[in-house]
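Biologist: Could you take me through one part of this protein up close? Pick a hairpin, show me what surrounds it, and then place it against the rest of the fold.

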Amino acid sequence: MARMVMVVVGVLKLPFPSRLLSSCQIASSCRTPQGVAKVVLKKGKTQLFKDGSPMVYSGAVDRIIGKPPPQTGDVVIVADGTENPIGWGLYNSVSMFCVRLMQLQHESTRDPSCALNVEKLLQTRIAQAVELRKSLGIPSANTNAYRLVNSEGDRLSGLVVDVFGDIAVVASSAAWLEKYRNQVETCLRSIHGINHINWRPSLDVLKEDGFDISSLSQAQSSSLPQRSMVVENGISFAVSLEGQKTGFYTDQRENRHLISTISAGKRVLDLCCYSGGFALNAARGGATSVVGIDSSLPALELARENVILNHMDPGKVVFIKQDSTEFMKAALSREESWDIVILDPPKLAPRKKVLHNAAGMYRNLNSLAMRLTRSGGLMMTCSCSGAMTQSGKFLGILQSAAAMAGRKITVVREAGAASDHPLDPSYPQGQYLSNFLLRVL
């Protein structure tokens, strides 16, 4: 996206105008730089960001005051069209989102120690994230795999941290995080129980954010384990730190637990099963037989190992390497059916422009899965595509899939990511996971 921003030569020197500093007392509360650029928004573009939206897009910017111009990762003041500050954030000279707002002015009034101070803000926000998880009972003796920091939901845009036992896995998806990597790691190392940090940059997203990924340091501690053993809902899992995403899908924890409560005496099919999260919960809940399907051999090796870890019968929990569509078509030809079918495919719509094509794939997959669900049985179906979830079209696609299958569905439960994945309502783009439990007739 082309971006036209007027750069006004000049230096914004501290102390700042009294409208910001008289309330925040920045100069006396923290070490402040001698010159900070000011990003001035266009008239009429301010309210969205005053209301808390953290991503200032380039089209909302009228001009930048400061010399030299700010560089990616620099702290900047964000101001309205009359140059009254509304907060501060971190600048990006290349991305379509030129500022990630970190703190609004009224927040600086309440907590001036964080104003313009990235290190202090990181300490504060990560500590708040820890406290939120503690209030949710995480970690616990039954669960030590969880999301510690959820990007905008924890007011640290671009930062995702999953904890697996004593290992924190960091998914960095913003250029500013690479600049402040040492400070982030220092904060994480101060948390009780975390002994290792695995920094995993999200390369495709960083490239979209304008970051030169060739400059990334690939060095990891020589003592960093390649695997971790965790427990979730009382079930043990081996986690590969080289696996998909951060290594384990903590967002489905509460949905997996639900499966364990409804599987007694049932035959269960888990499609796109990865390392067996849903399948093992079904087995723990008393399913008479469980079949897991995935096309990834490393994932299935983990799944089979997890069966042994939990002293389950490998004859009752079986994993098959096959494309899910091919498996379903073959199972239909054999006239097989299951009491509970779980469908959790990979992200089919990574962005809006492919939403139409993805809708067809979701429709076909779900139609096949519904045909494999016995009449009166249950089907749990998911979409982890943010574009699909935010479009609000997923339920309509499921209805269309039911019509294609010659079946009727009713919604028993609608859910999303687990509670350790908080959302910022001013940034609905953070909502990505849809999970529906359907009755199939």
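Modeller: In this predicted model, strands E9 and E10 make a hairpin with two residues between them. Gly165 sits in that turn and has a positive phi of about 65°. The pairing of E9 with E10 (residues 167-172) is antiparallel and runs over six bridges; Asp162, for one, stands opposite Val169 in E10. E9 also pairs with E8 (residues 145-150), again in the antiparallel sense, this time over five bridges. There, Tyr146 has Val163 of E9 as its bridge partner.

Now for the burial of E9 itself, residues 159-164: six of its six residues are buried. Both faces are covered, with Leu159, Val161 and Val163 on one side and Val160, Asp162 and Phe164 on the other. So much for the hairpin strand; now the nonpolar cores. In soluble globular proteins, nonpolar side chains tend to be buried together.

The largest nonpolar core here has 36 residues, and Leu269, Leu271, Phe327, Trp338 and Met370 touch the most other members. Elements giving two or more residues to this core include strands E14 (267-271), E15 (289-294) and E17 (338-343), along with helix H12 (324-333) and helix H13 (355-371). H13 supplies the largest share, eight residues. Apart from this core lies another one of 35 residues, with Trp88, Ile126, Ala168 and Ile197 among them. To see one of the well-connected members of the largest core, look at Leu269: leaving aside neighbours within four places in sequence, its contacts are Val291, Ile293, Phe327, Trp338, Ile340, Val341, Ile342 and Leu372.

E14, E15 and E17 also belong to an open sheet of seven strands, in the order E16-E15-E14-E17-E18-E20-E19, with mixed pairing. Strands E16 (317-321) and E19 (409-415) are at the edges with a single partner strand each, so one side of each has no neighbour in the sheet. On average, neighbouring strands of this sheet are turned by 15° against each other, direction ignored. At the E16 edge, E15 and E16 pair in the parallel sense over five bridges, and Val290 has Val317 in E16 as its bridge partner. H12 packs on the sheet and touches E14, E15, E16 and E17, its direction making about 145° with that of E14.

One last item, for your annotation notes: the unreviewed UniProt entry carries a "domain: PUA" annotation over residues 37-131. In the model, that span is 25% helix and 34% strand, with its end C-alpha atoms 34 Å apart.

Technical notes:
Residues are numbered from 1 along each chain as its sequence is written. This is a predicted model: local features need pLDDT of at least 70, side-chain atom pairs count only at pLDDT 80 or more; totals for chains, interfaces and linings use all residues. Side-chain values use heavy atoms; hydrogens and water are left out. A nonpolar core is a set of buried Ala, Val, Leu, Ile, Met, Phe, Trp, Tyr and Cys residues joined through side-chain atoms within 4.5 Å. Buried means under 20% relative accessible area, exposed over 50%, partly exposed in between (1.4 Å probe, protein chains only). Helices (H or I, at least four residues) and strands (E, at least two) are DSSP runs, numbered from the N terminus. Contact means heavy atoms within 4.5 Å. Two strands pair if DSSP finds at least two bridges between them. UniProt positions are given in the numbering used here, feature names are shortened, and annotations may be inferred rather than shown by experiment. Axes are lines fitted to C-alpha atoms, for helices over the stretch in contact, and angles run from 0 to 180 degrees between N-to-C directions.
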